[in-house]
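Here are some exercises to work through with the structure open beside you. Try each task before you read its solution.

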Amino acid sequence: MSTFTKVLLATDLSPQADKLTECLFCLCPDTETEVVLAHADPDGSSFKKARSRLDGYKNDIEQAGYEEISIVTPAGEPCETLSRLAEENDADLMLVASHRKGFLKRALMGSTTYELARATMIPLLINKDE
């Protein structure tokens with residue numbers, strides 16, 4: 001039985017984020033785990049692309065046997081929006097990808113991931129690119 005009952009899988013639609021489902025399957029092998037798929041877009045301009053990609057993730061997760069999967073695509077600043085979503089959904093784990101954009105203080109992770117690590121109170125798994 002997984003210790004995580006509800007996971008927020010947050011994607012920025014990058015190739016690194018495509019690997020987050022593998023992280024989910026490893027960390028939460030119990031298919032009773034509820035999954036919230038999310039993409040926060042500052043201006044809502046990538047809604048159609050995000051929805052299509054999230055539908056693909058949902059299909060992959062359903063194929064693995066998970067049944068409780070929802071999709072959210074709110075407009076808003078990613079760090080604040082994802083933190084709020086995690087709280088509102090009572091997530092006990094957030095999965096995000098990092099592609100190390102930024103400089104110096106963000107040398108190990110991207111700027112949104114850096115801000116999330118500082119802002120969220122729930123466990124945050126950061127999948128970094130190679």
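**Exercise 1. Strand 4 in its surroundings**

Task: work out how many of the residues of strand 4 (residues 93-98) are buried.

Solution. Step one: the model is predicted, so local features need pLDDT of at least 70 and side-chain atom pairs count only at pLDDT 80 or more, while totals for chains, interfaces and linings use all residues. Residues are numbered from 1 along each chain as its sequence is written, and side-chain values use heavy atoms, with hydrogens and water left out.

Step two: get the terms straight. Strands (E, at least two residues) and helices (H or I, at least four) are DSSP runs, numbered from the N terminus. Buried means under 20% relative accessible area, exposed over 50%, and partly exposed in between (1.4 Å probe, protein chains only).

Step three: go through the strand. Six of the six residues turn out buried, so strand 4 is largely enclosed by the rest of the structure. L93, L95 and A97 point one way, M94, V96 and S98 point the other way, and all are buried.

Step four: look at the partners. Two strands pair if DSSP finds at least two bridges between them. Strand 1 (residues 6-10) runs parallel to strand 4 over three bridges, with V7 opposite L93. Strand 5 (residues 124-128) also pairs with strand 4 in the parallel sense, over five bridges, and here M94 stands opposite L124.

Step five: zoom out. The protein has four helices and five strands, in the order β-α-β-α-β-α-β-α-β from the N terminus. Of its 130 residues, 45% count as buried.

**Exercise 2. The two sides of helix 1**

Task: find which residues of helix 1 are buried, and what covers them.

Solution. Step one: pick out the buried residues, which include L20, T21, C23 and L24. Seen down the helix axis, the buried residues fall within an arc of 155° (taken from the directions from the axis to the C-beta atoms), so they line one face of the helix.

Step two: turn the helix around. On the other side, E22 and C26 are exposed.

Step three: find the cover. Contact here means heavy atoms within 4.5 Å. The buried residues of helix 1 are covered by elements including strand 1, strand 2, helix 2 (47-63), strand 4 and strand 5.

**Exercise 3. Salt bridges**

Task: how many salt bridges does the rule give, and which parts does the K6 and E34 pair tie together?

Solution. Step one: apply the rule, which asks for a side-chain nitrogen of Lys or Arg within 4 Å of a carboxyl oxygen of Asp or Glu. The count comes to four.

Step two: take K6 and E34, whose side chains meet at 3.4 Å, N to O. K6 sits in strand 1 and E34 in strand 2, so this pair ties together parts that are 28 residues apart in sequence. K6 is buried at 15% relative accessible area, whereas E34 is partly exposed at 24%.

Step three: move on to R53 and D18, with their closest N and O atoms 2.6 Å apart. R53 belongs to helix 2 and D18 to the loop between strand 1 and helix 1, so the parts tied together are 35 residues apart in sequence. R53 is partly exposed at 24%, and D18 is partly exposed at 34%.

Step four: finish with R51 and D55, a salt bridge with closest N and O atoms 3.2 Å apart. These two are four residues apart in helix 2, which means about one helical turn separates them.

**Exercise 4. An acid without a partner**

Task: is D30 buried or exposed, and where is the nearest side chain of opposite charge?

Solution. Step one: place D30 in the loop between helix 1 (20-27) and strand 2 (34-38).

Step two: check its charge partners, with Lys and Arg counted as positive, Asp and Glu as negative, and His and the chain ends left out. D30 is buried yet has no salt bridge, and the nearest side chain of opposite charge, K6, is 15 Å away.

Step three: check for a backbone neighbor. A polar atom of the D30 side chain lies 2.9 Å from the backbone nitrogen of E32.

Notes. Polar contact = N/O pair within 3.5 Å; in protein donor to acceptor, adjacent residues only side chain to side chain.
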